[in-house]
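Work through the exercises below with the sequence and the 3D view open. Try each task before reading its solution.

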Amino acid sequence: MSVLVTGATGFLGGHLCALLLRSEQVCCVVRGRTDQGAEARLRAHLTRLGGPFEPERLTVVRGDLSRPRMGLPAAVYTRLAERVETVYHCAATVNLAASCEHLVPGNVTATREVVRFARHRRTKALHHVSSVAVFAAARELGCAEVDEATEPILAMSGGLGYGQSKFHGEEQVRLAAAEGLPVTVYRPGAILGHSRDWQFSDTDLWTRLVRAAVEVGAAPDSPATMPGAPVDHTAAMIVELSRSSSAAGRVFHPNYLEPIRVGDVFDRVRAAGCDLPAVDPADWKQALLRHAHLPASGLVLACWAGIAYMVVPEPRYLPPCSRARLTTSVAPLPEPALDEAYFARMLAGIAERGHIPKINQLSNPSSPP
Ligand SMILES: NC(=O)c1ccc[n+]([C@@H]2O[C@H](COP(=O)([O-])OP(=O)(O)OC[C@H]3O[C@@H](n4cnc5c(N)ncnc54)[C@H](OP(=O)(O)O)[C@@H]3O)[C@@H](O)[C@H]2O)c1
């Protein structure tokens, strides 16, 4: 066995794990009440994401990363530490509404335990998934643009508990790197639904924004931009980069070259058949407050500390997070188009889960490429 993956029952981690399973023996640490329950949950998730995979390539151990030894029995921990060569740490508590303190176990303690594991018995390559949220307020501190060479400081994550906790998680791996652990850091932006069929996670920010816009009957006319990519592209870039011989010690932003403009997303949602007049961001927030009793509007308001970076009259916050060094190291992967057909699939997918009404014009969306 050579690879250990955390967070495989999640959105990005599931896709990453599925890709790795095509060619590697993968072991995943999964939370659960019983060993069988943890394993069944992961296998069902991977199958839902599109399987098939060779079942014998996957091993599941039940654990909890925020506990000492990742919550594993000592013998299992040692055996794994001796066999694993590479760790992909994708697990985290992704919550834009929570305080940093609340997120420490999932985003800082868990990372510290993963670092310990990476050093135990044999030195392993550690691929750590962070977030551009560590730069959320960098523009306010005078950074017109950040790239993969920019060193984040805590103040750059602004008042966002999630960004602060991801910064502290990065600190754990930076310390380990300074002491010789081969660490690579990846900072995705928004992780969007799958480019082929818009399989999405209910906690995805864009899905929530679109659902809230449908609830209030209007969309924010925001010039803000957000780096990001569909989940399959993000996972593919991480796997590709992690296999390059020069990955260790580097930081990558596995996003599309061009950041995504919030206003453009809603233009495409409109073009896909959803009639959402564009309104001033301040008026949109007022509309949300009037609809706060509805599920998506309530959720977006609860996450306002993070959403505020995307719904603004002028882009004051998150600076463009470019891929300065990435382009020189690994040939860029083709970027599936985020066009009208993509957003039509998104709307159809959200409607299928019953979150928004079916939109007539979407009853026959363009077939996936
Ligand atoms: N979503 C985004 O737009 C976005 C953007 C930038 C960066 N990221 C980063 O990308 C990574 C994946 O995000 P995601 O959206 O795919 O997250 P997600 O769907 O919420 O999945 C999180 C995963 O972490 C696992 N996990 C959390 N705490 C754990 C613990 N103590 N022990 C074991 N497993 C634990 C969860 O397991 P359970 O199934 O047991 O809960 C789940 O598998 C994270 O590092 C996140 O910070 C995400």
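**Exercise 1: a strand and its neighbours**

Task: For strand 6 (residues 183-186), state which way the side chains point and whether they are buried or exposed.

Solution. Step 1: Val183 and Val185 point one way, while Thr184 and Tyr186 point the other way. Step 2: all of them are buried, where buried requires 20 or more other C-beta atoms within 10 Å of the residue's own, with C-beta atoms placed from the backbone. Strands are DSSP runs of E with at least two residues and helices are runs of H or I with at least four, numbered from the N terminus.

The model is predicted: local features need pLDDT of at least 70, side-chain atom pairs count only at pLDDT 80 or more, and totals for chains, interfaces and linings use all residues. Residues are numbered from 1 along each chain as its sequence is written.

Task: Which strands pair with strand 6?

Solution. Step 1: strands pair if DSSP finds at least two bridges between them. Step 2: strand 5 (residues 125-129) runs parallel to strand 6 and is joined to it by four bridges; histidine 127 has threonine 184 as its bridge partner. Step 3: strand 11 (residues 251-252) also pairs in the parallel sense, over two bridges, and there phenylalanine 252 stands opposite tyrosine 186.

**Exercise 2: the ligand shell**

Task: Which element gives the most residues to the shell around the ligand?

Solution. Step 1: a residue is near if its C-beta atom, placed from the backbone, lies within 6 Å. Step 2: helix 1 gives the most, with three residues.

Note on methods
A residue is buried if 20 or more other C-beta atoms lie within 10 Å of its own, exposed if 12 or fewer, and partly exposed in between; C-beta atoms are placed from the backbone.
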